[in-house]
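Let's take a walk through a small set of packed helices and see who touches whom. Have the sequence and the 3D view open while you read.

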Amino acid sequence: MTDDDLVFKALADPTRRLLLDALFEQNGRTQSELEEVVREHAEMTRFGVAKHLKLLEEANLVLPRKQGRSKRHFLNAVPIQAIHDRWIDKYTAVRASALLDLKRALEDES
């Protein structure tokens, strides 16, 4: 599986996106802190959260760092930027943005 495939797989799951959003809001959280975030939205065990974090680590989207007795998780946005540059930017350069501008203008008229 390529690096891009791992990133797309990681981003495909809403729980993993929730974890990434939580780390974007406050980087360097422990697994316990991330479990609390997930519990606000879904019922999930500690092991379930750990599995999601492991997949995010494999995709290089989360970087764990041991600090004393705890392990903190940090967001790595570089793989997402690489996906954007490779897959999204070229499609939004001219055509898509022009169509969105036209759509917005037409909606504003009505």
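What follows looks at how the helices pack, what the core is made of, and a few single residues.

First, some ground rules. This is a predicted model, where local features need pLDDT of at least 70 and side-chain atom pairs count only at pLDDT 80 or more, while totals for chains, interfaces and linings use all residues. Residues are numbered from 1 along each chain as its sequence is written, and side-chain values use heavy atoms, with hydrogens and water left out.

**How the helices pack**

Helices here are DSSP runs of H or I with at least four residues, strands are runs of E with at least two, and both are numbered from the N terminus. An axis is a line fitted to C-alpha atoms, for helices over the stretch in contact, and the angles run from 0 to 180 degrees between N-to-C directions. Angles under 35 degrees count as roughly parallel, over 145 as roughly antiparallel, 65 to 115 as roughly perpendicular, and the rest as oblique.

| Helix pair | Crossing angle | Axis distance |
|---|---|---|
| Helix 2 and helix 3 | roughly 125° | within 10 Å |
| Helix 3 and helix 4 | about 105° | 10 Å |
| Helix 2 and helix 4 | roughly 75° | within 10 Å |

Start with helix 2 (residues 14-25) and helix 3 (residues 31-39), whose axes cross at roughly 125°. That angle makes helix 2 oblique to helix 3. Their crossing is right-handed (the near helix is turned clockwise from the far one by less than a right angle; anticlockwise would be left-handed). Contact means heavy atoms within 4.5 Å. By that rule, T15, L18, L19, A22 and L23 of helix 2 meet L34, V37 and V38 of helix 3. Sorted by class, that is seven nonpolar residues, one polar and no charged. For these classes, Ala, Val, Leu, Ile, Met, Phe, Trp, Tyr, Cys and Pro are nonpolar, Asp, Glu, Lys and Arg are charged, and the others, Gly among them, are polar.

Next come helix 3 and helix 4, which pack at about 105°. That makes helix 3 roughly perpendicular to helix 4. Helix 3 brings Q31, S32, L34, E35 and V38 to this contact, and helix 4 brings R46, V49, A50 and L53. The mix is five nonpolar, two polar and two charged residues.

How do helix 2 and helix 4 sit relative to each other? Their axes cross at roughly 75°, and they are therefore roughly perpendicular to each other. T15, R16, L19 and L20 on helix 2 meet H52, L53, L55 and L56 on helix 4. This contact has five nonpolar, two polar and one charged residues.

**The core**

In soluble globular proteins, nonpolar side chains tend to be buried together. A nonpolar core is a set of buried Ala, Val, Leu, Ile, Met, Phe, Trp, Tyr and Cys residues joined through side-chain atoms within 4.5 Å. Buried means under 20% relative accessible area, exposed means over 50%, and partly exposed is in between (1.4 Å probe, protein chains only).

The largest nonpolar core has 19 residues, and A10, L19, L34, L53, L56, A59 and L61 touch the most other members. Helix 1 (3-11), helix 2, helix 3 and helix 4 (46-58) each supply at least two residues of this core. The largest share, five residues, comes from helix 2. Take a look at L34: leaving out residues up to four places away in sequence, L34 touches L19, A22, L23, R29, L53 and H73.

**A few single residues**

N60 is found in the loop between helix 4 and strand 2 (62-67). N60 has a positive phi of about 65° although it is not a glycine. With 38% relative accessibility, N60 counts as partly exposed.

Is K51, in helix 4, buried or exposed? K51 counts as exposed, at 66% relative accessibility. K51 and R16 are 35 residues apart in sequence, and their C-alpha atoms are 9.8 Å apart in space.

K71 belongs to strand 3 (residues 70-75) and is partly exposed, with a relative accessible area of 38%. The C-alpha atoms of K71 and Q31 are separated by 7.5 Å, with their positions 40 residues apart along the chain. Leaving aside neighbours within four places in sequence, the contacts of K71 include R29, T30, E57 and P64.
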